[in-house]
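Q: Could you take me on a close look at the place where the ligand sits, and at what surrounds it? I am new to this, so please explain the terms as you go.

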Amino acid sequence: MAELSDIRETVRERYASAATESARGAHGEARALEAESGCCGPGSGCGTPTADGVAFGAVLYRDDDATGAPAAAVEASLGCGVPTAVADLHGGEIVLDLGSGAGADVLISASRVAPTGRAVGLDMTDEMLALARANAAEASVENAEFIKGYLEEMPLPDASVDVVISN
Ligand SMILES: C[S@@+](CC[C@H](N)C(=O)[O-])C[C@H]1O[C@@H](n2cnc3c(N)ncnc32)[C@H](O)[C@@H]1O
């Protein structure tokens with residue numbers, strides 16, 4: 001059986017490559033890596049495919065879903081849903097996004113809970129964290145932060161957030 005560290009490294013390498021592609025504006029290439037991996041690709045059973053058969057990424061976001069996130073963050077999305085379309089967020093809450101990637105859902109959440117709330121993205125991939133921080137800076141969002149860590153070794157105190165989302 002594969003070791004957890006080997007599985008993580010395989011996943012991390014894949015998302016590091018996707019983030020590197022998105023950072024140079026090659027979002028299609030980033031999505032192709034995701035589709036190739038079998039995660040969210042055709043026939044994976046992940047997400048609800050559009051008429052074009054695409055089940056993940058920016059195509060799932062309508063304009064009003066994406067308020068608060070710059071286009072580059074939404075374009076770099078590799079998620080198979082729109083958690084902020086179903087999360088009932090309120091001003092002042094603290095939102096945690098598990099596997100925050102390029103940060104779109106964190107930035108959307110941050111705009112919903114502002115000015116007193118904040119949104120936190122947790123991700124293990126340095127390249128994704130750098131991309132998310134660049135996207136937050138581009139959008140001048142100050143109530144969002146991105147922290148490095150594993151979902152299965154949560155680097156946050158118990159009961160320190162109000163809402164958990166993931167995509
Ligand atoms: C499918 S992408 C989704 C990214 C983002 N939520 C979005 O909607 O675009 C999954 C993200 O989770 C991160 N990830 C995967 N496994 C993880 C783990 N065990 N701990 C922390 N982050 C992880 C990856 O680095 C990647 O950025």
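A: The ligand sits in the largest pocket. A pocket here is worked out on a 1 Å grid over the protein atoms alone, as an open set of points with protein on both sides within 12 Å along at least five of seven lines. A molecule counts as sitting in a pocket if more than half of its atoms lie within 2 Å of the pocket's grid points. Before we go on, please keep in mind that this is a predicted model, where local features need pLDDT of at least 70, side-chain atom pairs count only at pLDDT 80 or more, and totals for chains, interfaces and linings use all residues. Residues are numbered from 1 along each chain as its sequence is written, and side-chain values use heavy atoms, with hydrogens and water left out.

Now look at the neighbours. There are 19 residues around the ligand, and Leu-78, Gly-99, Asp-123, Thr-125 and Glu-152 come nearest; a residue is near a molecule if one of its heavy atoms lies within 4 Å of it. This shell divides into seven nonpolar, eight polar and four charged residues. In this grouping, Ala, Val, Leu, Ile, Met, Phe, Trp, Tyr, Cys and Pro are nonpolar, Asp, Glu, Lys and Arg are charged, and the others, Gly among them, are polar.

Next come the polar contacts, which are pairs of N or O atoms within 3.5 Å. Asp-123 has a polar side-chain atom 2.6 Å from an oxygen atom of the ligand. Glu-152 offers an N or O atom of its side chain, 2.9 Å from a nitrogen atom of the ligand. With Gly-79, a polar backbone atom is the partner, 3.3 Å from an oxygen atom of the ligand. How much of the ligand is covered? The protein covers 89% of the 600 Å² of accessible area that the ligand has on its own, with areas taken from the Shrake-Rupley method with a 1.4 Å probe.

Terms used
Polar contact = N/O pair within 3.5 Å; in protein donor to acceptor, adjacent residues only side chain to side chain. 1 Å grid on protein atoms, 1.4 Å probe; cavity = no way out; pocket = protein on both sides within 12 Å on 5 of 7 lines; lining within 4 Å.
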